[in-house]
There are 2 protein chains.
Amino acid sequence: LGSNFHFRTEILKHVLTTNRIKDIKSLQLAKFRKELGQFVIEGEKNVRELLQAQPYSSVVCEEVFAETVWLRKNRDTLPRSTHKYITEVTSRQLEVLSALTTPPPIIAVAAIPEEKIDFDPDNELVIYLDQIQDPGNAGTIMRLADWFGIRWVFASPDSADLWAPKVVQAGMGAFLRVKTARIDLIGLIDRSMPVLAADMTGQSVYSGNMPKNGVLLLGNEGQGISVSNERLITERITIPRTPRGGAESLNVATAAAIILSHMSK
Amino acid sequence: LGSNFHFRTEILKHVLTTNRIKDIKSLQLAKFRKELGQFVIEGEKNVRELLQAQPYSSVVCEEVFAETVWLRKNRDTLPRSTHKYITEVTSRQLEVLSALTTPPPIIAVAAIPEEKIDFDPDNELVIYLDQIQDPGNAGTIMRLADWFGIRWVFASPDSADLWAPKVVQAGMGAFLRVKTARIDLIGLIDRSMPVLAADMTGQSVYSGNMPKNGVLLLGNEGQGISVSNERLITERITIPRTPRGGAESLNVATAAAIILSHMSK
């Protein structure tokens, strides 16, 4: 009983004011994420991973909002040390807070980490998103990077923001393990660094002779790689289309999946 | 001048009544697609492909709605024999007709073809979608099938409808070349047919020993393969996670991309 009482006081100590709701909702826009240095994590799986990663993650949890009934059922499965972040809310309040059409029972706010760019282009493969527009694609690529043990996903300043709710959602926890930065490609690389891109004229992914390091450039869904970055490519990779295949191209995330699987073989 | 006049009369012969708008909008729902035997194709690339495939495609175009200014610029680039399908509409009318947030300049209505199931399981690979829910995933898998020359994508009756606007959109013209049918897996296969599925315990896609025929089963985004279909699997395939990788799983379309690329090598 005592411990239960203690828990309750911890959970209820925050109050969700109208201003706070406004602040959290504003994090759906890149402008305010940048201004406030925060982003929103939605859904049970993502928030559980965030809480389990505390306090050693570079992504620091700041607040969690959980629906009353869900919280009653699940509070004992959340790390005890993270209960202090939790505010109990109604499902109506979660509907207001959520960017999703089906609001999840739990939403968290965390600080966007600032990471020092540290990778070894001679022995490591990193990904560069060149004007990727669709947040679903960006998130799926983050998830792929996470699967294939890629530490860094960089993005051009005009790519989808990797801290956007739909990117975080599609990434399935990748934001905890894969580091990101927005930077021009020219500022990221030096002359000695291999820059790889998928292209109709490159060597086949089936050649068995795939590079294992450098920067893998992934281009915009419609336009492909931008003209200025095109000049920086040093190696071209082709995914051969089956002779009887009819599609003109592949979705950027599925093309990335195929290339990464052949590079990590 | 004469030919231009002739063109104009052809283009304007249809009138877009309120009832017709209601009918076309209703095609956003599976129920009415089934009832009317029609579906909607949105966007320049998809509609161009549909028109170029006439009159020999199994997907028969019935009507096209094109925005006035766009049509003036582009009518000469559309096959002359398909001008008879075109109704000139305002951008306001397209906004009403479209299921997309950014309405395209051209939308078509076509008949859903009924195809006779004809595949050779001994020499051909087909895909089966087991309760795939996300239309973006279903469309991306259709596009993959199209790239890898797969003729059939089957879906369980509780999968996303493959004629839904978002599936057609993400499929990038695949609906013209990849045939589909909704059918229970048990009704599709016989005892001699290999049924493949991605699984943690299967042989690695890197083994160089991948099957080249049968039914590739792709499971639901959250739950994986359904219990009843699980029993029908005859071969299991694994995509090895890089040892330092953190993700729990891959998105179903990216997993399919990796498996298909290793099967078609």
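The following exercises, each with a worked solution, concern a predicted model.

**Exercise 1. Confidence**

Determine what average pLDDT chain A has, and where in chain A pLDDT stays under 50.

Solution.
Step 1. The average pLDDT of chain A is 90, and 94% of the residues score at least 70.
Step 2. The stretch in question is residues 1-9 of chain A, where pLDDT stays under 50. For these residues the model has nine contacts beyond four places in sequence.
Step 3. Where pLDDT is low, one should not read the predicted coordinates in detail.
Step 4. For the model, the scores are ipTM 0.87 and pTM 0.89.

**Exercise 2. Two chains and their relation**

Identify the rotation that superposes chain A on chain B, and name the relation it expresses.

Solution.
Step 1. Chain A is superposed on chain B by a rotation of 180°, with a shift of 0.0 Å along the axis and an RMSD of 0.0 Å.
Step 2. This is the relation of a two-fold axis.
Step 3. Of the interface residues of chain A, 100% are also interface residues in chain B; the copies therefore meet through the same surface.
Step 4. Charged side chains of one chain also sit over rings of the other: Arg241(A) lies over the face of Trp147(B), 5.6 Å from the ring centre. The charged end of Arg241(B) is placed over the ring of Trp147(A), at 5.6 Å from its centre.

**Exercise 3. Aromatic pairs**

Classify the pair formed by Phe39(A) and Phe175(A), and state which parts of chain A the pair ties together.

Solution.
Step 1. Over all chains, the structure holds eight aromatic pairs.
Step 2. In the pair of Phe39(A) and Phe175(A), the centres are 5.6 Å apart and the planes stand at 80°. Planes over 60 degrees apart count as edge-to-face, and the pair is accordingly edge-to-face.
Step 3. Phe39(A) belongs to strand E1 (residues 38-42) of chain A, while Phe175(A) lies in the loop between helix H8 (165-171) and strand E7 (179-182), so the pair ties together parts that are 136 residues apart in sequence.
Step 4. Both Phe39(A) and Phe175(A) are buried.
Step 5. In chain B, the ring centres of Phe39(B) and Phe175(B) are 5.6 Å apart with the planes at 75°, so this pair is edge-to-face. Phe39(B) is in strand E1 and Phe175(B) in the loop between helix H8 and strand E7 of chain B, 136 residues apart.
Step 6. Phe39(B) and Phe175(B) are both buried.
Step 7. In chain A, Phe39(A), Trp163(A) and Phe175(A) make up one aromatic cluster.

**Exercise 4. The nonpolar core**

Name the residues that touch the most other members of the largest nonpolar core, and list the contacts of Leu218(B).

Solution.
Step 1. The largest nonpolar core has 76 residues. Those touching the most other members are Ile127(A), Leu129(A), Leu218(A), Ile127(B), Leu129(B) and Leu218(B).
Step 2. Beyond four places in sequence, Leu218(B) is in contact with residues including Ile127(B), Leu129(B), Ile141(B) and Val252(B). The remaining ones are Tyr128(B), Asp130(B), Ile132(B) and Ala256(B).

**Exercise 5. Buried or exposed?**

Decide how Asp23(B) and Thr82(B) are to be classed by relative accessible area.

Solution.
Step 1. Asp23(B) is part of helix H2 (residues 18-26) of chain B. Its relative accessible area is 35%, so Asp23(B) is partly exposed.
Step 2. The C-alpha atoms of Asp23(B) and Leu36(B) are 8.8 Å apart, with these positions 13 residues apart along the chain.
Step 3. Thr82(B) is located in the loop between helix H5 (68-74) and strand E3 (86-89) of chain B. Thr82(B) has 1% relative accessibility and therefore counts as buried.
Step 4. Beyond four places in sequence, Thr82(B) is in contact with Leu51(B) and Gln54(B).

Definitions and conventions: Residues are numbered from 1 along each chain as its sequence is written. Chains are lettered from A and ligands numbered from 1 in the order in which they are written. Side-chain values use heavy atoms; hydrogens and water are left out. A nonpolar core is a set of buried Ala, Val, Leu, Ile, Met, Phe, Trp, Tyr and Cys residues joined through side-chain atoms within 4.5 Å. Buried means under 20% relative accessible area, exposed over 50%, partly exposed in between (1.4 Å probe, protein chains only). Contact means heavy atoms within 4.5 Å. Helices (H or I, at least four residues) and strands (E, at least two) are DSSP runs, numbered from the N terminus. pLDDT is the predictor's confidence in each residue, from 0 to 100. Rings of Phe, Tyr and Trp (its six-membered ring) pair if their centres lie within 6.5 Å; planes under 30 degrees apart count as stacked, over 60 as edge-to-face and the rest as tilted. A charge sits over a ring if NZ of Lys or CZ of Arg is within 6 Å of the ring centre and within 35 degrees of the ring normal. Copies are superposed by least squares on the C-alpha atoms of residues with pLDDT of at least 70 in both.
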